[in-house]
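User: Hi, I'm new to reading protein models. Could you take me through this one, question by question?

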Amino acid sequence: MSLPSKVVRGLEIWTEYLEDNEQKRMVDDLRIVVASAPLFSPDTPYGKPMSVKMTSAGRFGWYSDRSGYRYIAEHPSGCAWPPIPRSVMRVWNSVAECERQPDCCLVNYYMQGSKMGMHRDSDEANFEFPVVSISLGDSALFRIGNLNRGGKTESLWLRSGDVVVMGGEGRLVYHGVDRIEFGSSSLLRNGGRVNLTLRVVD
């Protein structure tokens with residue numbers, strides 16, 4: 001297996017990992033996911049709506065409301081989450097170096113003005129398994145922090161087709177998206193950015 005382009009604070013950054021045709025195929029697959037489990041806008045536990053829209057595929061979906069952050073077994077509408085597309089699973093199987101298959105693929109859609117505050121993925125039962133992130137569409141300014149909140153951070157641009165693996169010492173690093181460069185990619189017909197994160201939940 002090839003090596004990541006660089007490692008930043010324990011996060012493996014695979015730049016230009018997906019070719020254009022692979023990105024288009026993945027977007028087509030995600031349209032099927034969204035048709036089955038429509039995008040929705042969750043609230044944070046503080047009652048403030050997130051600026052991204054989201055849905056999920058797999059056995060579980062990630063969810064947030066005033067009760068807190070958690071995984072749920074069904075879409076808020078009551079329908080089952082659709083299966084994770086094979087095109088997405090191929091990325092996990094190529095870069096995760098993990099025998100377990102992911103239980104959840106969280107789909108975040110960033111529109112113009114959307115961002116994601118600094119956070120870490122800590123709602124899973126076992127942090128030994130990595131989180132794999134796939135970027136599609138407009139470029140995003142990705143901020144990488146520390147194992148605890150605060151302190152100096154580093155930022156880099158994630159572009160369409162880039163993959164980030166958060167495992168090992170980087171599994172619980174705080175990270176976020178400061179902004180997207182709206183219109184920087186023609187992959188999505190209405191613009192914006194799709195970020196997929198694959199996780200082992202239980």
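What follows is a short chat about the sheet, the helices and the pockets of this predicted model.

User: Let's begin with the sheet. In what order do its 7 strands come?
Analyst: Sure, and here's a bit of background. Strands of a sheet pair through backbone hydrogen bonds, either parallel or antiparallel. In this open sheet the pairing is antiparallel, and the order of the strands is S1-S2-S11-S8-S13-S6-S3.

User: Which strands stand at the edges?
Analyst: Look at the two ends of the order S1-S2-S11-S8-S13-S6-S3. A strand there has a single partner strand, so one side of it is left without a neighbour in the sheet. The edge strands are S1 (6–8) and S3 (53–58).

User: And what does the twist average from one strand to the next?
Analyst: Follow the sheet from each strand to the next one along, and the twist averages 20°.

User: Zooming in on S2, which residue of S11 is the bridge partner of Leu11?
Analyst: S2 covers residues 11–14, and S11 covers residues 163–166. These two pair in the antiparallel sense, over 4 bridges. In S11, the partner of Leu11 is Met166.

User: Now the helices. What angle does the direction of H2 make with that of S8?
Analyst: Two helices pack on the sheet here. H1 (residues 20–36) touches S3, S6, S8 and S13, and its direction makes about 100° with that of S8. H2 (residues 86–95) touches S2, S6, S8, S11 and S13. For H2, the angle with S8 is about 135°.

User: How would you describe H1 relative to H2: oblique or roughly parallel?
Analyst: Their axes come within 8 Å and cross at roughly 125°. Angles under 35 degrees would count as roughly parallel, and 65 to 115 as roughly perpendicular. The crossing angle of roughly 125° makes H1, relative to H2, oblique.

User: Which residues of H2 do Arg25, Met26 and Asp29 meet?
Analyst: Arg25, Met26 and Asp29 are the H1 side of this contact. By class, the contact has 3 nonpolar, 1 polar and 3 charged residues. On the H2 side are Ser87, Val88, Arg90 and Val91.

User: On to empty space. Which residues lie nearest the centre of the largest pocket?
Analyst: The largest pocket has a volume of about 880 Å³. Its lining has 17 nonpolar, 11 polar and 8 charged residues, and S6, S7, S11, S12 and S13 each supply at least two residues of that lining. Of the 36 lining residues, those nearest the centre are Met50, Tyr69, Met116, Gly117 and His119.

User: Met116 came up there. Which residue in S12 does Met116 stand opposite?
Analyst: S7 (116–119) and S12 (175–181) are both among the strands that supply the lining of the largest pocket. They run antiparallel and are joined by 2 bridges. Opposite Met116 stands Val177.

User: S12 also pairs with S9. What is the bridge partner of Arg143 in S12?
Analyst: S9 (residues 139–144) and S12 run antiparallel, with 6 bridges joining them. In S12, Arg143 has as its partner Gly176.

User: Last one: which element gives the most to the lining of the second largest pocket?
Analyst: This pocket has a volume of about 320 Å³, and its lining includes Val27, Leu30, Arg31 and Val34. The lining divides into 8 nonpolar, 2 polar and 2 charged residues. The elements giving two or more residues are H1 and S6. The one that gives the most, with 4 residues, is H1.

Key:
Residues numbered from 1 in each chain as written. Predicted model: local features only at pLDDT ≥ 70, side-chain atom pairs only at ≥ 80, totals over all residues. Heavy atoms only, no water. Pairing = 2+ DSSP bridges. Axes fitted to C-alpha atoms, helices over the stretch in contact; angles between N-to-C directions. Contact = heavy atoms within 4.5 Å. 1 Å grid on protein atoms, 1.4 Å probe; cavity = no way out; pocket = protein on both sides within 12 Å on 5 of 7 lines; lining within 4 Å. Points joined across faces, edges and corners; volume = space filled by probe spheres on them. Nonpolar A, V, L, I, M, F, W, Y, C, P; charged D, E, K, R; others polar. Parallel < 35°, antiparallel > 145°, perpendicular 65-115°, else oblique.
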